Protein chains: 2
Amino acid sequence: MADIAKPYLAFLGDGTSPAQCKTAFGLRDWCRSDVVGQYGLAGCAVDLGIPWMSPGDAAAGGARSLVIGVAPVGGAIPESWWPVLFASLEAGLDIVSGMHTRLASVPGLADAASDGGRTLHDVRRNERVFGVATGRRRSGRRLLTVGTDCAIGKKYAALAITDALHSLGVHAEFRATGQTGILIAGRGVALDAVVSDFVAGAAEWLSPANDSDHWDVVEGQGALCHPAYAGVTLGLIHGTQPDALVLCHDPGRKHLASFPEYPIPDLKTAMDQYVAAARLTNPQSRFVGMTVNTSELDEPARTRLFSELTARFGLPACDPIRDGAGLIARRLLEEFSTEGPTAGGAQRG
Amino acid sequence: MADIAKPYLAFLGDGTSPAQCKTAFGLRDWCRSDVVGQYGLAGCAVDLGIPWMSPGDAAAGGARSLVIGVAPVGGAIPESWWPVLFASLEAGLDIVSGMHTRLASVPGLADAASDGGRTLHDVRRNERVFGVATGRRRSGRRLLTVGTDCAIGKKYAALAITDALHSLGVHAEFRATGQTGILIAGRGVALDAVVSDFVAGAAEWLSPANDSDHWDVVEGQGALCHPAYAGVTLGLIHGTQPDALVLCHDPGRKHLASFPEYPIPDLKTAMDQYVAAARLTNPQSRFVGMTVNTSELDEPARTRLFSELTARFGLPACDPIRDGAGLIARRLLEEFSTEGPTAGGAQRG
């Protein structure tokens with residue numbers, strides 16, 4: 001898809017809970033400097049703690065896109081939102097949505113955008129047609145976050161690792177593969193919407209050849225142990241050709257979310273499976289760290305868990321929400337600063 | 001997609017080589033009784049060895065669909081074909097195409113079909129929207145053909161095994177996942193066109209709950225060792241939940257077709273990988289046979305190869321094109337006739 005114009009005005013609709021507005025909170029937490037303000041309708045009970053402003057004021061203050069940061073009940077775009085959408089276009093803002101329903105389903109909105117030279121971004125749709133993966137190595141380094149389930153922190157881990165690499169002065173880019181990640185990055189590929197034959201090809205496109213010391217930090221999707229989504233995960237692994245893998249885990253989860261018949265796999269088993277899969281397209285692929293959701297643990301339990309994981313796997317372990325991912329970023333540099341330049345062009349391994 | 005109305009009239013266009021008309025030959029070889037005749041244009045140099053007839057004569061003789069059995073040079077539908085397509089609709093035939101180009105790209109064809117109450121089938125497109133896989137076991141038995149590469153005989157193996165099961169009086173259905181397979185079966189899912197999140201769900205839909213002694217024989221796609229298509233393969237495996245796997249191999253192939261950097265994997269390695277993947281959703285999944293392309297081998301070499309494979313893996317091995325698949329069908333029944341009824345409803349393994 002085309003890059004999304006930043007900065008954003010975050011639209012909260014008449015959202016009544018932070019859970020309903022988690023996209024807006026994700027933007028505030030992960031690209032605060034790209035969000036000039038928030039805007040809500042009567043009944044909105046959510047506050048991001050940033051300035052309130054109308055679309056007109058936001059545009060005057062430099063905003064370039066209104067981002068829908070709330071999930072509408074029922075999935076469709078409520079009529080009560082329509083005036084805000086038209087007003088935003090009139091004010092000169094593009095409109096960005098991560099909903100299943102297309103923005104163009106609002107009567108007249110596509111014409112209004114086109115007349116005003118504005119863009120409607122439906123980030124769940126890919127305008128681009130991807131090709132079949134080549135399987136050929138390319139220059140630059142890549143890290144991919146993988147997990148023991150869906151929705152287990154792969155996006156947050158990738159964002160935290162990117163931040164930590166930037167703090168260390170490393171050239172690194174977060175590569176988004178899901179809707180919220182795309183809003184944060186302003187670009188990316190909604191991988192779950194790509195036709196199956198082209199998933200690995202889309203992953204190759206998303207993290208193209210780069211300088212040999214440049215890191216793409218790619219947001220993982222699904223899980224290899226997942227009965228519905230493992231195919232997407234495998235295509236993403238093969239196309240990314242990750243030099244480095246990071247496992248994301250939640251020790252409180254006993255089975256896959258919404259799939260009670262499927263237990264969370266043993267960590268060693270899961271990691272062996274990921275490495276074996278990744279080595280098809282990058283024979284040097286290996287784990288460099290683990291992230292763990294420790295929100296339910298007190299400080300002694302957290303410390304004990306990290307120590308156990310590090311002792312068992314020889315890898316740094318952290319909770320990126322509470323601790324950042326500096327440990328993993330440093331391990332990454334230690335591991336790879338001593339290696340030669342990355343593969344380039346059509347070479348393999 | 002909706003079922004395709006049989007029997008067929010096979011359209012050869014101005015095809016000059018059997019390779020160009022391989023879809024038509026596939027139909028003749030695998031559903032001969034569903035093909036009433038063939039029709040070609042001036043310049044057609046291919047002969048299926050079945051009666052020549054016009055669309056009108058075919059319709060009068062009971063045909064219900066014209067199937068495009070030739071691959072046009074360049075991919076688009078040549079203007080020289082248009083009169084045949086309109087004449088077929090007028091004669092009361094539906095039109096079926098496995099081309100990338102939609103039939104509706106022919107000016108006026110969609111309207112002509114609609115006016116006459118006829119259907120245009122583009123078998124590479126799925127009209128149906130599939131859901132996310134459930135991962136729950138369902139009653140009935142399933143066999144899936146898998147391979148050491150793409151285009152290595154998975155469709156032919158599945159068709160031959162289905163035929164052999166029928167000969168043994170077993171209730172079995174061939175389940176098509178690719179365009180030619182769909183033409184042969186008259187139904188199926190073009191798996192490579194399904195959005196990635198729903199591949200496993202589409203595979204569940206394709207081989208639904210059935211009688212406990214019923215076998216679905218599912219056409220495999222891609223290969224787990226393939227850098228571009230492994231994701232499709234894994235989703236198909238997880239959704240099919242195969243009780244039985246059959247490995248398709250070509251001993252003359254040293255690397256993946258069009259991917260010279262990727263060697264054909266060792267058979268044992270490939271089989272271990274398939275079984276491990278399949279056991280996520282069916283913990284009893286195992287191999288029951290191997291098919292081998294022996295077109296380049298003389299009789300002593302063939303016999304030696306089959307013996308070696310059977311000695312090494314303890315599995316029947318055959319070339320379905322030359323020998324049929326009776327060995328595999330008999331092994332299937334030996335293996336599974338002694339087992340209890342299959343899982344039903346929401347139970348797991």
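Let me start at the interface: between chain A and chain B, six residue pairs are found in polar contact, counting those where both residues have pLDDT 80 or more, and I should say straight away that this is a predicted model. The count of salt bridges between chain A and chain B, on the other hand, is zero.

As for which parts of chain A are involved, α7 (199–206), α8 (230–240) and β11 (259–263) each supply at least two residues of the side that touches chain B. Of these, α8(A) gives the largest share of that side, namely six residues. If we sort the side of chain A that touches chain B by residue class, we get 21 nonpolar, eight polar and five charged residues.

Now to the extent of the interface. Its size is often given as the accessible area lost when the parts come together. Here chain A and chain B bury about 2,700 Å² between them, and 56% of that area is on carbon and sulfur atoms. Within the area that chain A buries against chain B, A:S196, A:E261 and A:Y262 supply 21%, which is more than any other three residues do. In terms of contacts, 34 residues of chain A meet 34 residues of chain B.

How, then, are the two chains arranged? A rotation of 180 degrees, with 0.0 Å of shift along its axis, superposes chain A on chain B with an RMSD of 0.1 Å, and the two copies are therefore related as by a two-fold rotation axis. The same surface serves both copies, in that 100% of the contact residues of chain A recur in chain B.

Let me turn to the backbone, where a few places deserve a look on the screen. In chain A, the peptide bond joining A:K6 and A:P7 is cis, with omega at about 0 degrees, and A:P7 is found in the segment before β1 (8–13) of that chain. In chain B, a cis peptide bond joins B:K6 and B:P7, again with omega at about 0 degrees, and B:P7 has its place in the segment before β1 (8–13) of chain B.

There are also residues with positive phi that are not glycines. One is A:A151, with phi at about 50 degrees, which lies in the loop between β6 (141–147) and α5 (154–167) of chain A; at 69% relative accessibility, A:A151 counts as exposed, the cut-off being over 50%. Another is A:S258, with phi at about 70 degrees, in the loop between β10 (255–256) and β11 of chain A, and A:S258 is exposed as well, with a relative accessible area of 68%.

Definitions and conventions
Residues are numbered from 1 along each chain as its sequence is written. Chains are lettered from A and ligands numbered from 1 in the order in which they are written. This is a predicted model: local features need pLDDT of at least 70, side-chain atom pairs count only at pLDDT 80 or more; totals for chains, interfaces and linings use all residues. Side-chain values use heavy atoms; hydrogens and water are left out. Contact means heavy atoms within 4.5 Å. Buried area is the accessible area (1.4 Å probe) that two parts lose on being put together, summed over both. A salt bridge is a side-chain nitrogen of Lys or Arg within 4 Å of a carboxyl oxygen of Asp or Glu. A polar contact is a pair of N or O atoms within 3.5 Å; within protein, one must be able to donate a hydrogen and the other to accept it, and residues adjacent in sequence count only if both atoms are side-chain atoms. Helices (H or I, at least four residues) and strands (E, at least two) are DSSP runs, numbered from the N terminus. Ala, Val, Leu, Ile, Met, Phe, Trp, Tyr, Cys and Pro count as nonpolar, Asp, Glu, Lys and Arg as charged, and the others, Gly among them, as polar. Copies are superposed by least squares on the C-alpha atoms of residues with pLDDT of at least 70 in both. Buried means under 20% relative accessible area, exposed over 50%, partly exposed in between (1.4 Å probe, protein chains only).
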